Amino acid sequence: MGVDENSDRKTVLDLGKKSTPMTDEYFMKMALKEAEKAFDEDEVPVGAVIVQQGKIIARGYNMVEKLNDPTAHAEIIALTSAFNAMGSKYLPDATLYVTVEPCLMCAGAIHWSKIGRIVWGAPDVKNGHHCYTGEKNPFHAKTQILYGLLQDEAAELMKAFFRKKRI
Ligand code: ZN
């Protein structure tokens, strides 16, 4: 009985370990970590990760200043990296987590990627794609969308960045 009890407990612990990284919140926290890297490098703090079968296959954070390239958004960097990693131009089985609502350019890139799912955090009332698309969904017809996840954390990082810029 003692042995069984131990092995049961071990199973429960293992499941616990495995189940944690599978949640949307866990991966959004990883995207927030990417956003913090951008913040530390004096870039607008947006971060993204792309996940397939419970594994992060690509990461990206905003590098517009570093690369002197206004297209170097977190989503574009993560998507390009994911296409390379998977050897595929489409990502129907992947989920993109991004801390802030994608802009129109990124919404276009996400559309062409045919990504299976997109999860974003804070709305971007100035530059988010909603400013242009309204309630229309710019993504691929099969792409599932979830937004508002950990939006306070993402928005707080953005606010802190622009506060820092003003000083
Ligand atoms: Zn963008």
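Select strands β4 (residues 117-122) and β5 (residues 144-147): four bridges join them, and they run parallel. Strands here are DSSP runs of E with at least two residues, helices are runs of H or I with at least four, and both are numbered from the N terminus. Two strands pair if DSSP finds at least two bridges between them. Pick Arg117 in β4; its bridge partner in β5 is Gln144.

This is a predicted model, in which local features need pLDDT of at least 70, side-chain atom pairs count only at pLDDT 80 or more, and totals for chains, interfaces and linings use all residues. Residues are numbered from 1 along each chain as its sequence is written.

Next, add strand β3 (residues 94-100), which is joined to β4 by five bridges and runs parallel to β4. Arg117 appears again here, as the bridge partner of Thr95.

Now color β4 by burial. Five of its six residues are buried, so the strand is largely enclosed by the rest of the structure. Buried means that 20 or more other C-beta atoms, placed from the backbone, lie within 10 Å of the residue's own.

Move to helices α2 (residues 24-40) and α7 (residues 151-166), which pack at an angle of about 0° with axes 11 Å apart. The axes are lines fitted to C-alpha atoms over the stretch in contact, and angles run from 0 to 180 degrees between N-to-C directions. The two helices are therefore roughly parallel, a label for angles under 35 degrees. To see the contact, show Leu32, Ala35, Glu36 and Phe39 of α2 with Glu153, Ala154, Leu157 and Phe161 of α7; contact means C-beta atoms, placed from the backbone, within 7 Å.

Terms used: Parallel < 35°, antiparallel > 145°, perpendicular 65-115°, else oblique. Contact = placed C-beta atoms within 7 Å. Buried ≥ 20, exposed ≤ 12 C-beta atoms within 10 Å, placed from the backbone.
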